[in-house]
Amino acid sequence: MVCGKVEKTRYAENSEGQPTFLHMGGAFPRHTFSARIPQDQRDKFRPSPEELEGKDVCVVGTIQRDASRAEIAVRAPGDIKLATIK
């Protein structure tokens, strides 16, 4: 589980698989963590991924490395929960 503030969201509609990224731990491209939402799950999110920008969330899943950053590939909306971080 990784928790933190979603600094920026990015729908990569021109990238393979058209993922949506939730960047945490700094602003893109200097962020330290991303949650990657696949295109086939994007419409299932309520609130939408873009509405999570600026909010604190916890992401559950297997942490992988993508380039030089840690990333969790989100499998379902239940993998991301709004959080209260103090």
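**Close-up 1. The disulfide between Cys-3 and Cys-58**. In this predicted model, the sulfur atoms of Cys-3 and Cys-58 sit 2.0 Å apart and form a disulfide. The total for the model is 1 disulfide. Cys-3 belongs to strand E1 (residues 2-11) and Cys-58 to strand E4 (residues 56-59), so the bond ties together parts that are 55 residues apart in sequence. For anyone checking torsions, the angle about the S-S bond is 110°, which makes the link right-handed. The two ends are not equally covered: Cys-3 is partly exposed at 38% relative accessibility, whereas Cys-58 is buried at 12%.

**Close-up 2. Asp-79, a buried acid with no salt bridge**. Look for Asp-79 in the loop between strand E6 (69-73) and strand E7 (80-82). What is the nearest side chain of opposite charge to Asp-79, and how far away is it? That would be Arg-75, at 4.1 Å. A salt bridge here needs a nitrogen-oxygen pair within 4 Å, and Asp-79 has none. Setting aside neighbours within four places in sequence, Asp-79 is in contact with Cys-58, Val-59, Val-60 and Val-74. Cys-58 in that list is the disulfide partner of Cys-3 from the previous view.

**Close-up 3. Glu-71 paired with Arg-36**. Here's one of the 2 salt bridges in the model. The closest N and O atoms of Glu-71 and Arg-36 are 2.8 Å apart. This pair links distant parts of the chain, with Glu-71 in strand E6 and Arg-36 in strand E3 (residues 33-37), 35 residues apart. Buried or exposed: which word fits Glu-71? Glu-71 is buried, with a relative accessible area of 6%, while Arg-36 comes out partly exposed at 31%.

**Close-up 4. Arg-42 paired with Glu-50**. The side chains of Arg-42 and Glu-50 also meet in a salt bridge, at 2.9 Å from N to O. In this pair the arginine is the buried partner, with Arg-42 at 16% relative accessibility and Glu-50 partly exposed at 31%.

**Close-up 5. Val-6 and the residues it touches**. Val-6 is part of strand E1, the strand that also holds Cys-3. With a relative accessible area of 0%, Val-6 is buried. Which residues does Val-6 touch, not counting those up to four places away in sequence? They are Leu-22, His-23, Met-24, Leu-52, Glu-53, Gly-54, Lys-55 and Val-57. Glu-50, from the previous view, lies 44 residues from Val-6 in sequence and 9.6 Å away in space, C-alpha to C-alpha.

Methods. Residues are numbered from 1 along each chain as its sequence is written. This is a predicted model: local features need pLDDT of at least 70, side-chain atom pairs count only at pLDDT 80 or more; totals for chains, interfaces and linings use all residues. Side-chain values use heavy atoms; hydrogens and water are left out. A disulfide is a pair of cysteine sulfur atoms within 2.5 Å. Helices (H or I, at least four residues) and strands (E, at least two) are DSSP runs, numbered from the N terminus. Buried means under 20% relative accessible area, exposed over 50%, partly exposed in between (1.4 Å probe, protein chains only). Lys and Arg count as positive and Asp and Glu as negative; His and the chain ends are not counted. Contact means heavy atoms within 4.5 Å.
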